[in-house]
Amino acid sequence: MIAMKMHPVLGSAAAGLTALVVPITSVCAVFGEVIGYGQGTAVNEWNQPLDALAFDENYGQYGASATTTDHSRILLTFDQGYENGYTAQILDTLKEKDVKAIFFLTGDYAKSQPELVQRMIDEGYVLGNHGMTHASLPTLSAAEAEREIMDLHQYVLEQYGYEMQYFRCPCGEYSEAALELVQQCGYRTIFWSDTYVDWNTDDQPSESDAMEHLLQHAHGGEILLLHAVSSTNAAILGELIDAFRAKGFTLS
């Protein structure tokens with residue numbers, strides 16, 4: 001494993017995701033245990049998904065989060081598996097609305113879209129690690145899983161001079177051992193407390209249906225997962241940000 005590093009809080013885009021430093025220990029759980037993450041449908045009185053809150057409680061010891069501790073805020077995150085022509089529009093909207101976000105990159109994206117990645121860095125967004133090959137960590141050996149994380153970490157560091165600190169598990173799959181290994185690689189694991197079916201480019205939700213879902217599920221401390229391949233997301237993003245703010249949430 002690499003030596004641990006101190007995590008600075010990466011600006012307002014990571015508000016509520018507290019910094020941590022942990023000692024390196026051996027990975028003790030079984031990597032073959034695959035758990036598919038889901039935020040569930042049951043919510044508390046503040047509309048926060050109970051399963052997301054339970055995830056935080058169960059796995060916070062590994063620096064893993066599905067919500068933030070800032071309950072006035074919604075944190076926007078985008079998964080960047082491949083480029084479908086909408087990221088520049090998304091960046092334009094975020095800049096216009098003065099909102100920061102986390103972009104979780106795969107290795108293919110980091111290698112194939114240098115101009116967009118550099119723009120993300122130049123405009124102050126946070127880059128996250130979504131795996132070099134988008135492989136499900138708990139299906140790999142410990143050595144393979146470490147390479148999946150650190151090969152991309154090193155590539156982005158060498159090519160862009162940027163040191164990533166947040167990891168999102170590919171396929172939404174994890175195990176306790178995988179979360180422990182991510183932490184030992186110097187990362188925090190970030191899941192989400194709301195998302196919707198936006199990744200199927202051949203069957204995009206209508207703009208009205210997307211807005212209805214996202215506003216009905218809005219909650220303080222939310223980590224919202226959006227996919228940048230979605231034409232719907234690109235079209236509604238500005239209206240969505242305005243609507244979140246009108247409901248009293250901060251996005252900055």
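These exercises with worked solutions deal with a predicted model.

**Exercise 1. The whole protein**

Task: State how many helices and strands the protein has, and what share of its residues is buried.

Solution.
- Begin with the secondary structure. It comes to eight helices and nine strands.
- Turn to burial. Buried residues make up 55% of the 252 residues.
- Look at the contacts with a separation of 6 or more. Residues 24 or more positions apart account for 75% of them.
- End with the surface. The accessible surface is about 10,200 Å², and 50% of it belongs to carbon and sulfur atoms.

**Exercise 2. Helix α6**

Task: Decide whether helix α6 (residues 176–184) is largely enclosed or largely open, and find what its buried residues pack against.

Solution.
- List the buried residues of α6. They are Ala177, Ala178, Leu179, Glu180, Leu181, Val182, Gln183 and Gln184.
- Compare with the length of the helix. Eight of the nine residues are buried, so α6 is largely enclosed by the rest of the structure.
- Find the partners. Among the helices, the buried residues of α6 pack against α1 (50–59) and α5 (142–160). The strands they pack against are β2 (64–65), β6 (166–167), β7 (173–174) and β8 (188–190).
- Check what comes next. Gly186 follows α6 and has a positive phi, near 90°.

**Exercise 3. Val182 within α6**

Task: Classify Val182 as buried, partly exposed or exposed, then list its contacts beyond four places in sequence.

Solution.
- Place the residue. Val182 belongs to helix α6.
- Apply the cut-off, under 20% for buried. Val182 has 0% relative accessibility, so it counts as buried.
- List the contacts, leaving out residues up to four places away. Val182 touches Leu137, Ile149, Phe167, Tyr187, Arg188 and Thr189.
- Take one partner. Ile149 is 33 residues from Val182 in sequence, with 7.6 Å between the C-alpha atoms.

**Exercise 4. Two sides of α2**

Task: Find how the buried residues of helix α2 (residues 87–97) are arranged around its axis, and what covers them.

Solution.
- Name the buried residues of α2. They are Thr87, Ile90, Leu91, Thr93, Leu94 and Lys97.
- Look down the axis. These buried residues fall within an arc of 160°, so they line one face of α2.
- Recall the geometry. An α-helix has 3.6 residues a turn, so residues three or four places apart point the same way.
- Turn to the other side of α2. Lys95 and Glu96 are exposed there.
- Find the cover. For the buried residues of α2 it includes the strands β3 (74–80) and β4 (102–105). It also includes the helices α3 (107–112), α4 (114–122) and α8 (231–246).

**Exercise 5. Two sides of α7**

Task: Do the same for helix α7 (residues 207–216).

Solution.
- Name the buried residues. In α7, Ala210, Met211 and Leu214 are buried.
- Take their arc. It is only 95° around the axis, which puts these residues on the same side of α7.
- Look at the face turned away from the buried side. It carries the exposed residues Ser208 and Gln216.
- Find the partners. The buried residues of α7 pack against β9 (222–227) and α8.

**Exercise 6. Positive phi outside glycine**

Task: For Asn47 and Asp98, give phi, location and exposure class.

Solution.
- Start with Asn47. Phi is positive, near 70°. Asn47 is in the loop between β1 (35–36) and α1. Its relative accessibility is 24%, so Asn47 is partly exposed.
- Go on to Asp98. Phi is positive, about 60°, although Asp98 is not a glycine. Asp98 sits in the loop between α2 and β4, just after α2. At 54% relative accessibility, Asp98 counts as exposed.

**Exercise 7. Glu148**

Task: Determine whether Glu148 is buried or exposed, and which residues beyond four places in sequence are in contact with it.

Solution.
- Place the residue. Glu148 is in helix α5.
- Classify it. Glu148 has a relative accessible area of 6% and is buried.
- List the contacts beyond four places in sequence. For Glu148 they are Asn129, Gly131, Met132, Thr133, His134, Ala135, Leu137 and Leu140.
- Take Gly131. It is 17 residues from Glu148 along the chain, and the C-alpha atoms are separated by 5.4 Å.

**Exercise 8. The largest pocket**

Task: Give the volume of the largest pocket and describe its lining.

Solution.
- Take the volume. The largest pocket holds about 220 Å³ of space.
- Find the lining residues. There are 14, and the closest to the pocket centre are Asp79, His130, His134, Cys171 and His227.
- Sort the lining by type. It divides into eight nonpolar residues, five polar and one charged.

Definitions and conventions: Residues are numbered from 1 along each chain as its sequence is written. This is a predicted model: local features need pLDDT of at least 70, side-chain atom pairs count only at pLDDT 80 or more; totals for chains, interfaces and linings use all residues. Side-chain values use heavy atoms; hydrogens and water are left out. Buried means under 20% relative accessible area, exposed over 50%, partly exposed in between (1.4 Å probe, protein chains only). Helices (H or I, at least four residues) and strands (E, at least two) are DSSP runs, numbered from the N terminus. Contact means heavy atoms within 4.5 Å. Accessible areas come from the Shrake-Rupley method with a 1.4 Å probe; for residues, only the protein chains shown count as cover. The arc is that of the directions from the helix axis to the C-beta atoms. On a 1 Å grid over the protein atoms alone, a cavity is a set of points where a 1.4 Å probe fits but cannot get out, and a pocket is an open set with protein on both sides within 12 Å along at least five of seven lines; lining residues have an atom within 4 Å of a point. Grid points are joined across faces, edges and corners, and a volume is the space filled by probe spheres set on the points. Ala, Val, Leu, Ile, Met, Phe, Trp, Tyr, Cys and Pro count as nonpolar, Asp, Glu, Lys and Arg as charged, and the others, Gly among them, as polar.
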